[in-house]
Amino acid sequence: MLDHVADQTMRFLENMPKSMRKKKGQFFTSVETARFMADMFDLNNCKEYVTVLDPGAGTGILSTAFLEKLVSMAKGIRVSLTCYETDPEVLPILKNNLEYVKNEYPDQIDYRVLEEDYILSQSNDFNKNLFSKEKPFKYDFIIANPPYLRVMRDHPAAISMPSVVHGAPNLYFLFASMSLFNLKPEAEMVYIIPRSWTSGAYFKAFRKYLLTEGKIEQIHLFVSRDKVFNSEEVLQETMIIKVKRCSQKPDEVLITSSNSCNDFADITKLYVPYDAVVAGDDLYVYLPTCDKEIEVIKKINTYNTTLPDEGLKMKTGIVVDFRQWNELRKKPGDHILPLFYSQHIRNGRVDHQPSGKEYDWIVDEKPGLIQKNKNYVFIKRFTAKEEKRRLQCGIYSPDDFKEYKFIGTQNKINFVDRVDGSEMDDLTTYGVYALLNSTLFDMYYRILNGSTQVNSTEINNIPVPPANMIKRIGERVLVTSDLSTDNCDRILTEVAYA
């Protein structure tokens, strides 16, 4: 059955430009991925009659893969499939494919195709308002590859699910939220989605809903992010998750990984304690792939305070240079201050050698664009994917720029400052630098965030030692005058992470 559906899908793809589908957030699942997702479900205690939902059905590849799995494992099982799809280009293919599947098993499979918006059609039930049903319909299994499309906050789907929207919404997590709502208690759903939801403020409300109403049982990661969807131009990190609707968290989460959607035969497996995967007040989802990374998470989580708890905070550079051309200057002069870019962070220090930018200076006319010349730890906001370290930082010393009372920081760097605006002492500055420059913190951040951007919100949520211990670390670094990662690693092990 699946081979037939895949053949029909390929014919559709050959006649539909990628640019058209990208505008809809429409990326089609490969046969190999569909079979793997179907295999993730626990079918050991399957009932004689089950209900299945595919909320973004496309041409029906995922539905067919799961039906094929069901009828092969449970002889005589009866299945009722519901598919949502609104794309007029895809609907004829979906209906033909599902009719083909039903004809193969006429006594076991029934289906219906709902040509209505999946989110809007059920938003009243989700929000439990005046128009909601007393008993909304629930499903035994849900399998989905939702649309990956960022939408505005005034998009109808985002407006209809305010409880899971915080910041910039994306259709994929709205679909996932609604699907969890559609599950029966103890039922399972398997979703292939981007990795972006696992951390960051924008997905905080979604994570709270997903991880409160359900629990993750399995995560599958792809080593090669550009090969998840065959022939599709999807360059963001993608993952598959299996979630059960329940309140009791499992002891462990199974984390598997493969090179691409064609390499499911060569899978690595790792059983990780649930609390090492889902942790923190913001319910970040950590994705360790080996025992060493599990140990990193455990070590960092030794402490339960964060930088803001200790009176410190990472902030983002102030000057967005392309918006402030009138304030930028090529040379120093009266009422002109040094403007620091990420290129000025070198070998653990911050200098003001030529950055390669046209403008390395800024006038002092607008107080909102400048900041006090005092101790900081600068960190690059963006690094290349192939670079060894994600966290690349340097100590900024005001003594190196004594002639200035103020300086400028460009928006592509972050900096650590005191919450109250007072100056960090030298020991704290060097201690914070040692933490961020260590292998331990770099690995932890890579486990937490798959992107190349260093997010200040995420750094501010990482557990750190108490302030007095940060000073002890800084004192040791100052005494040695060695800012290398090896030295920072050694001191952290001796002082805070034995």
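In strand β7, Ile240 is the bridge partner of His220. Strands here are DSSP runs of E, at least two residues long, while helices are runs of H or I of at least four, both numbered from the N terminus. This is a predicted model, where local features need pLDDT of at least 70, side-chain atom pairs count only at pLDDT 80 or more, and totals for chains, interfaces and linings use all residues. Residues are numbered from 1 along each chain as its sequence is written, and side-chain values use heavy atoms, without hydrogens or water.

Strand β6 (residues 215-222) runs antiparallel to β7 (residues 238-244), and 6 bridges join them. Two strands pair if DSSP finds at least two bridges between them. Helix α9 (residues 204-213) packs on the sheet and touches β5, β6 and β7. Its direction makes about 120 degrees with that of β6. Contact means heavy atoms within 4.5 Å. Axes are lines fitted to C-alpha atoms, for helices over the stretch in contact, and angles run from 0 to 180 degrees between N-to-C directions.

Now the whole sheet. It is open, has 9 strands and mixed pairing, and follows the order β3-β2-β1-β4-β5-β7-β6-β8-β9. The edge strands, β3 (109-114) and β9 (268-273), each pair on one side only.

Next, the cavity. A cavity is a set of points on a 1 Å grid over the protein atoms alone where a 1.4 Å probe fits but cannot get out; lining residues have an atom within 4 Å of a point. Leu307, Val432, Leu435, Leu436, Phe441, Ile459, Ile462 and Val464 line the largest cavity. Helix α12 (residues 426-437) gives the most to this lining, with 3 residues.

Key. 1 Å grid on protein atoms, 1.4 Å probe; cavity = no way out; pocket = protein on both sides within 12 Å on 5 of 7 lines; lining within 4 Å.
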